Amino acid sequence: MERRADAGEQKVVGLGLGLGLGLGLGGVGQAVVTTWWNQVVRVVGWVMAVLTTTAKAPVAREVPRPGPARTVIAERDRRAGETLFGPDEKDSSRGALLCTDPDAAPDPRSSTSWETPMPLVSWTENDAVQSARWRSENGAPPPVTVEIADDTLTANAALRHLRAGSSLLWRGDFHNARQLLKAVSRRIDHGSISRKLGISALFRAHRAERAERSQVLGGIVVLLEPGGRLALRRAPDIADACREAYGELEEPTLVSLTELQGVLSAYQWHEQGVPVPALGARIHPRHSVFSPSRSEYVDLVARVPLPTAREQLTAFDIGTGTGVLAAVLARRGVVNVVATDVNPRAVESAQENIERLELTATVTVIETDLFPPGRADLVVCNPPWLPGAPTSALELGVYDEGSAMLRGFLTGLADHLTPGGEGWLVLSDLAEHLELRSRDELLRMIRRAGLEVAGEDSTTPRHGRAADSLDLLHAARRQEVTTLWRLRAKAA
């Protein structure tokens, strides 16, 4: 599985924009939702724990209504502040949607490991109790308090309700919902982090701020009808995108709007494909699988001289993701490539791309953790670039807790190389500039695994943030270098 560092520098397929936690303990005079699991939620800063106890029947209460049609948050929340849909914010655009949050959705190693059973969520609407299954690819808990919202809601009011712990079930215009996300996002305080902090403290504060932002925005939810239909004005046809991400939806399902945007974005990437210059072709990533849009690491694998152990080389691609590196090796003349990934969606994505590129005679894709059986002349691995604990499925593709995948690759490499073979470790040094791991620590891991460095080739990133002086982490990003380490087993 291809996993990359730094959410926001990688265009990530799938899983969407938000952690979508949408938790809270009370409403503000609107409809109340209680899941079939009685949850007690305690929020301390941004750290929350959800304790599930015995089932409890839905609770409804009488709420004020601006009209007979349905319960909405509306006139009583209008203040003297800016309304949501002024001339400068109205969005009448139609057509395909792309993920709007550059910090969104780094791709997980395996989203299924964070999935939980789909609990039933109930709420009162139009004097009737409604219910739907809660779906979150990130394993986010279901809403506790649900309030019905539509186009009359201002961004300031929405932010107040979201921060109070309510989730907002959108019943208005679809494009206005997207505008609401943008407007609420602008109102979340992004200027509270002092640039005087050291780089490691700055990074931790940046992560915390993004987590809080994703939590708040994830509180805006929509209802998917069976078959993946979205019954909102100006809503696009999302059935195929939902089927790709979720399979067949047979029951009404609540999802965060941020997650749905990610699903739609992922579907676009899959349909259109991503041009890969080193291949002279397009790669079509599936939902929750990294897109190789940041191509400098691909270029390294395409240009570094192959080992000369023998004329007809074999190779393993560990953590293949879309299969892009396996395809590059096959196009370079490696006669047998085994590509592995622990994520079933990545395996499907890689297999599909290998078939599109007509490389099935050379490349075999299997689902396994790290190495396949046997040995190869070349073993390539591009692990997550940042050590640290992921806080959601989204971050499994960004953070390698305890450098587990990196250590696993290095520790097992010598036992899977043929005599004279090489391991290629593709790794950014961003972790070093963020003071998360030193160069000496990396070199110690290499030595302790019985390996030696036979050579290296490096490149600098070409993404926009490397040159963005306004970025909080600019001091680290502008120094980043991605290196392909050529490793060999030490002589006995």
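Glu225 stands opposite Arg229 of strand β9, a strand made up of residues 229-230 that is joined to β8 by two bridges and runs antiparallel to β8. Helices (H or I, at least four residues) and strands (E, at least two) are DSSP runs, numbered from the N terminus, and two strands are said to pair if DSSP finds at least two bridges between them. Together β8 and β9 form a hairpin with three residues between them, and Gly227 in the turn has a positive phi of about 85°. This is a predicted model, in which local features need pLDDT of at least 70 and side-chain atom pairs count only at pLDDT 80 or more, while totals for chains, interfaces and linings use all residues. Residues are numbered from 1 along each chain as its sequence is written, and side-chain values use heavy atoms, with hydrogens and water left out.

Strand β8 has further partners. Two bridges join β7 to β8 in the parallel sense, with Leu168 facing Ile220 as its bridge partner in β8, whereas four bridges join β8 to strand β10 (residues 253-256) in the antiparallel sense, where Val222 has Val255 as its partner in β10. Five of the six residues of β8 are buried, where buried means under 20% relative accessible area, exposed over 50%, and partly exposed in between (1.4 Å probe, protein chains only).

Val222 also leads into the interior. A nonpolar core is a set of buried Ala, Val, Leu, Ile, Met, Phe, Trp, Tyr and Cys residues joined through side-chain atoms within 4.5 Å; of the 34 residues in the largest such core, Val184, Val222, Leu224 and Leu260 touch the most other members. At least two residues of this core are supplied by each of α1 (155-163), β7 (166-170), α2 (174-187), α3 (199-217), β8 (220-225), α4 (239-246) and α5 (257-272), and the largest share, six residues, comes from α2. A second, separate core of 32 residues includes Val276, Ile283, Val334 and Ile354.

Helix α5 also holds Glu259, which counts as buried because its relative accessibility is 2%. The C-alpha atoms of Glu259 and Arg135 are separated by 9.6 Å, although these residues are 124 residues apart along the chain.

Elsewhere, the axes of helix α6 (residues 296-303) and helix α7 (residues 324-331) come within 9 Å and cross at roughly 25°, axes being lines fitted to C-alpha atoms, for helices over the stretch in contact, with angles running from 0 to 180 degrees between N-to-C directions. The two helices α6 and α7 are therefore roughly parallel to each other, a term for angles under 35 degrees. In this pair, Tyr297, Val298, Val301 and Ala302 of α6 meet Val324, Leu325, Val328 and Leu329 of α7, contact meaning heavy atoms within 4.5 Å.

Further along the chain, seven strands form an open sheet of mixed pairing, in the order β15-β14-β13-β16-β19-β21-β20. Its edge strands, each pairing on one side only, are β15 (363-367) and β20 (451-459), and neighbouring strands of the sheet are turned by 20° against each other on average, direction ignored. Helix α9 (residues 404-413) packs on this sheet, touching β13 (314-318), β16 (376-381), β19 (417-428), β20 and β21, and the direction of α9 makes about 165° with that of β19. At the β20 edge, β20 and strand β21 (residues 482-489) pair in the antiparallel sense over eight bridges, and Thr459 has Thr482 as its bridge partner in β21.

Notes:
Angles under 35 degrees count as roughly parallel, over 145 as roughly antiparallel, 65 to 115 as roughly perpendicular and the rest as oblique.
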